[in-house]
Amino acid sequence: MQSPLQAQLVQWLVAPGAAVAAGDVLVILEAMKMEHEIRASGAGRVGELYFQAGEAVAEGDVLGVLTPLNEGVSQPVASPSSVVASVPAQARADLKKLQDRLAFTQDAQRPEAVAKRHAMGMRTARENIADLCDPDSFVEYGALAVAAQSRRRSADDLMRNTPADGMVTGIGCVNGQRVVVMAYDFTVLAGTQGMRNHQKTDRMLGVALHHKLPVVLFAEGGGGRPGDVDVAIVAGLNLTTFAAFARLNGRVPVVGVVAGRCFAGNAALLGCSDVIIATRGSNIGMGGPAMVEGGGLGVFKPEQIGPSEIQHANGVIDVMVDDEVQAVAAARHYLSFFQGEAKTWQSPPVDALRHVVPENRLRVYDTQAAMQGIADEGSLLPLRTGFGVGIHTALARIAGRPVGLMANNPLHLGGAIDADAADKAARFMQLCNAHGFALVSLVDTPGFMVGPDTEATAQVRHVSRMFVAAAHLRVPMLSVVLRKGYGLGAMAMTGGGFHETLTTVAWPTGEFGGMGLEGAVRLGYRKELEALPEGPEREALFNHLLAQQYDNGSAIHMAATLEIDAVIDPAATREWLVAGLAAGRVQAIGDALPIDSW
């Protein structure tokens, strides 16, 4: 047996004449205050020992004799690193202590809380994370944290009743790609924001920003927690969490998910998300019942504050779903657009696009049919469907490539763009611009909405947001005029002007003008019309002039004068867009920062 290093002999664990098996510890050496186990490299019998406990040995010194049982010759003992101990996990006290401690963080340790949650038809934070992430991919950060309340509660109480300080954080895979996941646990202190779960949040946000990882926040909870007493603070307004969360804006995708009640600080983080997915049973508000009552604003039940139908209609909720299962599925769908081009896709039946726009130019129709006919099957994800219904917005894929789709809605105000629709479109352009999604705009609008009531909504400021957002686009924009392309509204839908896009084309049903054709005739030919008495003769002249205007503003005439790039068969729309998307390039982020007009 030879010493593998300079050391002091601590203890012999065998005596001369003893039979040993491969891997048995023979002697303990100490060097630099660390003990080294010297093990038998094979089965043998111990012979004479040359050093005693307490004596110093040099590297290479022969410590004793070990005769192999099957060879009859002596050989040195193996070095410390040549054999790894095979110790059952349950035999190690330190590992068992860790496993016992981690058990308190799991749902199985709190059956009553979990049962109460399930009785409400809802899932736990860990169940939602397990559903969101690919199997066995979630790695938890900060699991052993407890509430900062050791001055008022025992360590055992905190361990059992405040696991993870009410927030589960970590990194998992969604569709095979890494994502930061944070979930407030409503079964622990009502999902409130405590000192340590703020620290956990800050840690995860730093990781997300540095490594450009998407973030998913399950935001259910009651806001700030006043019961944490382990830190000497007065108001606690020097937190970095909210600024750190907002700093992710435009840098990485941020998804907020809500089921149940989300108030105060939880809602403030949620509102910073790129997209908010919420269940029909959710409530979202900047103050819960206690805060409202404390402000002298009345006494309300939680379900009366920010119910989902209100928050969906006003634009807070982007995607409304029935339950957490659908919410998680929507989150996975949304994240998929940020994970590159799809390798396989299914085209919709393109011939159906020929029948989207009615032959009767006065007949309304649903432009969502055009969106469905252009997008890869199953890829369309409509956003903010309850708000600004005059313009549809959605993420989708075209031949596997992620894009942003927006379309005027003739079913609302004939497709005229009001303040809400403009806000929705401008914000959607900003979203696509930040994350590098090309924009496809489907145009059918008589222009911006006008009139005294409309102007009372600050229409001038709101609709101008579309021009400002488009002026800062670094992504290609492609527009297709389905029917009406009138005035400033049509220009706003095409990046500020028909030649501001990568391409502007029209279907044969396209009709164009500086304003609505009927209005143009009445305004431009007022003298001629008023010269005739009201009745059939005046109506006949009006229809004749309108037909002239329609023919002059037809898609074919527009293409002939080069005001648009082409008139295409609706069935060729996908083919045209695929070619355009392949030609377009996403530019680097510029130095100019937009000043929102509103």
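Which element gives the largest share of the lining of the largest pocket? I opened the notebook with that one. The model is predicted.

**Entry 1: the largest pocket**

I looked up the volume first. The largest pocket holds about 1000 Å³. I then listed its lining, which has 33 residues. Nearest the centre lie Asn249, Gly250, Gln430, Leu431 and Ala434. Next I sorted the lining by element. Two or more residues come from each of α12 (419-435) and α14 (459-471). The largest share belongs to α12, with eight residues. That settles my opening question. By class I noted 12 nonpolar, 11 polar and 10 charged residues in this lining.

**Entry 2: the second largest pocket**

I moved on to the second largest pocket, with a volume of about 840 Å³. It is lined by 35 residues. Closest to its centre I found Gln193, His198, Gly224, Arg225 and Pro226. The elements that give two or more residues here are α5 (195-211), α6 (241-247), β13 (261-263) and α8 (289-294). Of these, α5 has the largest share, four residues. The classes read 16 nonpolar, 15 polar and four charged.

**Entry 3: closed spaces**

How many cavities of 30 Å³ or more does a search of the whole structure find? I got four. I wrote up two of them.

The largest cavity has a volume of about 140 Å³. I counted 18 lining residues for it. Arg117, Asn128, Phe218, Glu220 and Glu324 lie nearest the centre. At least two lining residues each come from α3 (125-132), β10 (177-184), β12 (254-258) and α10. I checked which element gives the largest share, and it is α10, with three residues. This lining has 11 nonpolar, two polar and five charged residues.

The second largest cavity contains about 70 Å³ of space. I wrote down its lining in full: Asp274, Asp318, Leu383, Arg384, Thr393, Lys424, Arg427, Phe428 and Leu431. Here α12 supplies the largest share, four residues. The split is three nonpolar, one polar and five charged.

I cross-checked α12 against Entry 1. This helix has the largest share in the lining of the largest pocket and also in that of the second largest cavity. Leu431 turns up in both places: it is among the residues nearest the centre of the largest pocket, and it lines the second largest cavity.

**Entry 4: aromatic pairs**

I searched the whole structure for ring pairs and got four. I followed two of them.

Tyr334 and Phe338 have ring centres 5.0 Å apart and planes at 55°, so I logged the pair as tilted. Are these two residues buried or exposed? Both Tyr334 and Phe338 are buried.

Phe338 also pairs with Phe437. Their centres are 5.0 Å apart and their planes at 45°, so this pair is tilted too. I looked up where the two residues sit. Phe338 is in the loop between α10 (324-336) and α11 (368-374). Phe437 is in the loop between α12 and β20 (438-445). The pair links distant parts of the chain, 99 residues apart.

I checked the accessibility of Phe437 last. Its relative accessible area is 5%, so it counts as buried. I closed the entry with the joined picture: ring pairs link Tyr334, Phe338 and Phe437 into a cluster.

How values were computed: Residues are numbered from 1 along each chain as its sequence is written. This is a predicted model: local features need pLDDT of at least 70, side-chain atom pairs count only at pLDDT 80 or more; totals for chains, interfaces and linings use all residues. Side-chain values use heavy atoms; hydrogens and water are left out. On a 1 Å grid over the protein atoms alone, a cavity is a set of points where a 1.4 Å probe fits but cannot get out, and a pocket is an open set with protein on both sides within 12 Å along at least five of seven lines; lining residues have an atom within 4 Å of a point. Grid points are joined across faces, edges and corners, and a volume is the space filled by probe spheres set on the points. Ala, Val, Leu, Ile, Met, Phe, Trp, Tyr, Cys and Pro count as nonpolar, Asp, Glu, Lys and Arg as charged, and the others, Gly among them, as polar. Rings of Phe, Tyr and Trp (its six-membered ring) pair if their centres lie within 6.5 Å; planes under 30 degrees apart count as stacked, over 60 as edge-to-face and the rest as tilted. Buried means under 20% relative accessible area, exposed over 50%, partly exposed in between (1.4 Å probe, protein chains only).
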